[in-house]
Structure formats: C-alpha cells, structure tokens
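Work through the following exercises with the sequence and the model side by side, and try each task before reading its solution.

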Amino acid sequence: VQLQASGGGLVQPGGSLRLSCSDSGRTFSNRDVAWFRQAPGKEREFVAATRRSDGNMYYADAVRGRFAISKDSAKNTVYLQMNSLKPEDTAVYYCAASGVSRIISSRIRVGDAYYYWGLGTLVTVSS
C-alpha cells in the first residue's frame with residue numbers, strides 16, 4: 001500500500017480545493033480511509049474518514065458542513081472536497097488507511113488506529 005496525496009495549494013478565504021489520495025496497491029475498497037491535518041506548531045488532528053464496513057462518513061466538528069469525503073472505487077481514490085475555506089484550515093493534509101482489520105467506530109478519529117500514511121499536501125488559505 002502506497003498512498004499519494006495531492007491537490008493542495010494556495011487559496012483565498014472562502015475558496016475551495018479538492019484533495020485526492022490514491023493507493024498504488026488498489027486496496028482502498030478493503031480499508032478505512034481518513035484525512036488528518038497538521039498546522040504549524042500544532043498537533044496532528046482528525047479531519048474526516050470513511051469506513052468500508054458501513055460506508056459511513058465521519059467529520060471533525062471544525063469542518064462539518066464545509067468538507068466532504070468521498071471514495072471512487074473505480075479510480076481507487078479518496079477525495080476531500082473542501083469548501084468555504086478559512087485561514088485556520090491552513091495545514092499539511094495527510095491521508096491514512098487502515099490495515100487489514102477494520103477500525104472500530106470509537107477509534108475512527110484516532111491517528112494511531114491507521115497503519116498506512118501518505119506524504120502530506122500543503123493547503124494554505126490566505127488573502
């Protein structure tokens with residue numbers, strides 16, 4: 001499993017970006033996948049996740065209603081659509097995938113529950 005995140009860049013407040021995370025091993029259909037982010041000087045935090053077992057989506061309170069996670073199984077890609085971006089959304093965004101075992105719902109927002117991590121993509125929200 002090799003994860004590759006892309007789509008970051010500079011955007012003005014109120015703008016939109018779509019991040020993509022692809023898996024060269026084409027195993028996303030069998031894994032829970034999430035997005036995390038880390039802002040300068042801050043700890044990594046959960047952003048959004050999608051579970052393979054039930055297809056449910058999970059969001060951090062800070063992004064709910066503005067961000068949407070989706071999966072395109074045919075393209076083996078998970079997306080994070082980010083709308084109404086704010087300066088506080090500035091961070092390096094990482095995608096992560098579970099190992100063979102599914103992640104229980106109580107740990108879906110916990111970074112340590114994920115086994116595979118991709119290199120991040122920088123999102124900068126600034127005027």
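**Exercise 1. Classify the two partners of a salt bridge by their exposure, and give the distance between them.**

Step 1. R64 has a relative accessibility of 44% and therefore counts as partly exposed, given that buried means under 20% relative accessible area, exposed over 50%, and partly exposed in between, with a 1.4 Å probe and protein chains only. Step 2. Its partner D61, at 66% relative accessibility, counts as exposed. Step 3. The closest N and O atoms of R64 and D61 are 2.6 Å apart, and the pair is a salt bridge, defined as a side-chain nitrogen of Lys or Arg within 4 Å of a carboxyl oxygen of Asp or Glu.

A note on the basis of these values: the model is predicted, with local features requiring pLDDT of at least 70 and side-chain atom pairs counted only at pLDDT 80 or more, while totals for chains, interfaces and linings use all residues. Residues are numbered from 1 along each chain as its sequence is written, and side-chain values use heavy atoms, with hydrogens and water left out.

**Exercise 2. State how confident the predictor is, for the chain and for its elements.**

Step 1. The chain has a mean pLDDT of 93, and 100% of its residues reach 70 or more; pLDDT is the predictor's confidence in each residue, from 0 to 100. Step 2. Among the elements of the chain, the lowest mean pLDDT, 92, belongs to β1, and the highest, 98, to strand β11 (residues 121-125). Helices (H or I, at least four residues) and strands (E, at least two) are DSSP runs, numbered from the N terminus.

**Exercise 3. Describe the surroundings of R44 and find its salt-bridge partner.**

Step 1. R44 is found in the loop between β4 (33-38) and β5 (45-50), and with a relative accessible area of 38% it is partly exposed. Step 2. Leaving aside residues up to four places away in sequence, R44 touches F36, R37, Q38, G111, D112 and W117, where contact means heavy atoms within 4.5 Å. Step 3. Of these, D112 meets R44 in a salt bridge between side chains, at 3.9 Å from N to O. Step 4. Because D112 lies in the loop between β9 and β10 (116-117) and R44 in the loop between β4 and β5, the pair ties together parts that are 68 residues apart in sequence. D112 is exposed, with a relative accessible area of 67%.

**Exercise 4. Place the pair R37 and E45 within the wider set of salt bridges.**

Step 1. The structure holds five salt bridges, one of them between R37 and E45, whose closest N and O atoms are 2.6 Å apart. Step 2. The partners differ in exposure, since R37 is buried at 6% relative accessibility, whereas E45 is partly exposed at 36%. Step 3. R37 and E45 also belong to a network of salt bridges that links them with R66 and D89.

**Exercise 5. Locate the disulfide and determine its handedness.**

Step 1. The structure holds one disulfide, formed by C21 and C95 with their sulfur atoms 2.1 Å apart; a disulfide is a pair of cysteine sulfur atoms within 2.5 Å. Step 2. The pair links distant parts of the chain, with C21 in strand β3 (residues 17-23) and C95 in strand β9 (residues 91-97), 74 residues apart. Step 3. The torsion about the S-S bond of C21 and C95 is about 65°, so the disulfide is right-handed. Step 4. C21 is buried, at 0% relative accessibility, and C95 is likewise buried, at 0%.

**Exercise 6. Follow strand β1 from its side chains to its place in the sheet.**

Step 1. Side chains alternate along β1 (residues 3-6): L3 and A5 point to one face and are buried, while Q4 and S6 point to the other and are not. Step 2. β1 and β3 pair in the antiparallel sense over four bridges, two strands being paired if DSSP finds at least two bridges between them. The bridge partner of A5 in β3 is C21. Step 3. Four strands form an open sheet in the order β1-β3-β8-β7, with antiparallel pairing. Step 4. β1 and β7 (67-72) stand at the edges, each with a single partner strand, so one side of each is left without a neighbour in the sheet.
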